[in-house]
Amino acid sequence: MNWKTEGLKRFDSIFGRLGCLVAKLMVNPRKESHNGDPRILVIRPGGIGDAALLYPALSELRKNFPGSRIDVLAEKRNGGILEGCPFISDLILYDYRPHETLYGVMKRHYDIVIDTEQWHRLTAALSYLTGASVRAGFETNERAELFTLPVKYSESDYEVLSFLNLISAVTGKNHEFDENEPFIPVDAGGDNALAQSISEFGKSKKAVAGMFTGATIRERRWGVEKFARLSGELSAEGIGTVIVGGGADERDALRFKEIAGNEHVLDFTGKTSLMETASIISLLNLFVTGDTGLMHVAYGVGTPTVSLFGAGIQGKWAPPGDNHIAINKRVPCSPCTKFGYTPPCPYHVRCLSEITVEEVRESVIELLSYSPVKSN
């Protein structure tokens, strides 16, 4: 994964700068302000986590512009968590017929464009090319010159707050965030098959913990063997395990069950959509994972989390609130991720490898002892 992200970084460094220059030569943004219900475009490339943490900002945007069309431009890998979002009018995926899609976006005559990308320049160029009279985005590099409302970005602020700062720039208001309230609405009704299977699985157990063992970046993987051993130890405490993930995680799921034992594990890996996975997680008593997109989803649907941190910035990305524990060994070389890029680790991912199964088990037991236990 690292070579891909590094390649993208270099591509944006060259062509993104060029795109910013060309955009300013090609378009003269509209000067007029819209007095009615403005047409709004929110740009959100990237992974699942950023899209999940965008929900509070989209909610505030809808409250302030109840009659407006609010579209989100995303991509296939993160669009799934935004499907059915009640705060938006349309979800546009730019990696489906990209030239045709992006040309159509530029011709929709948006009045307000909010670019939530933190670093890459090409989204800022697209914002400018829409001709919108109001354009908000983070001023992290040359991209700042293309916004009418450049917004400062801090790598120490929780990302939900960073996104809300963009909305504040547009509305002129301060938008609050309750860190203990769920913000991703899901359908977790007891009459559907997913809910029934979890209910049946949990009948003879004290609690049910979810786990996601994967990560797109090697430096954020704790290891499927450790997760499986954790599941085995929790089963001795009467706690069952539900594992989730996409098709790419199915091999790890098989390995997990070989170690942990099928009788203690309910496996949904590769069997559900992203929003169905969110619904599953909302029904669990607790969720354990590394610094991943599903960690943010779990927080968004209101499920307590035990998260494992190393390369990522805990203050920026770890779930805040009362029912969440982040385990971080704070080795001298971590965090090493900057603007979404994690360099290859020369130390065998020491930041995660030093986290033991026992201390994660203790955190799970601690969290379950004072978190409200959902009935199964």
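Begin by selecting strand β10, residues 286-290, together with strand β11, residues 305-309: in this predicted model the two strands run parallel and are joined by 4 bridges. If you then pick out T289, you can look across to S307, which is its bridge partner in β11.

Now widen the selection to the sheet as a whole, an open arrangement of 6 strands with parallel pairing, in the order β9-β8-β7-β10-β11-β12. At its edges lie β9 (265-267) and β12 (324-328), each of which pairs on one side only, and from one strand to the next the twist averages 20 degrees.

Next, add helix α8, residues 193-202, which packs on the sheet and touches β7 (207-212), β8 (239-243) and β9, its direction making about 170 degrees with that of β9. Helix α10, residues 250-260, can be shown as well, since it lies across β7, β8 and β9 and runs at about 165 degrees to β9.

Turn now to the aromatic rings, of which the structure holds 9 pairs. Select Y158 and Y299, an edge-to-face pair with 6.2 Å from centre to centre and 75 degrees between the planes; Y158 sits in the loop between β6 (149-151) and α7 (159-171), while Y299 belongs to helix α12 (residues 293-301), 141 residues apart. Are these two residues buried or exposed? Both Y158 and Y299 are buried.

Another edge-to-face pair is made by W222 and F227, at 4.9 Å centre to centre and 90 degrees between the planes, and both of these residues are buried too.

Finally, select K205 and F201, where the charged end of K205 sits over the ring of F201, 4.1 Å from its centre.

Key. Residues are numbered from 1 along each chain as its sequence is written. This is a predicted model: local features need pLDDT of at least 70, side-chain atom pairs count only at pLDDT 80 or more; totals for chains, interfaces and linings use all residues. Side-chain values use heavy atoms; hydrogens and water are left out. Two strands pair if DSSP finds at least two bridges between them. Axes are lines fitted to C-alpha atoms, for helices over the stretch in contact, and angles run from 0 to 180 degrees between N-to-C directions. Contact means heavy atoms within 4.5 Å. Rings of Phe, Tyr and Trp (its six-membered ring) pair if their centres lie within 6.5 Å; planes under 30 degrees apart count as stacked, over 60 as edge-to-face and the rest as tilted. Buried means under 20% relative accessible area, exposed over 50%, partly exposed in between (1.4 Å probe, protein chains only). A charge sits over a ring if NZ of Lys or CZ of Arg is within 6 Å of the ring centre and within 35 degrees of the ring normal.
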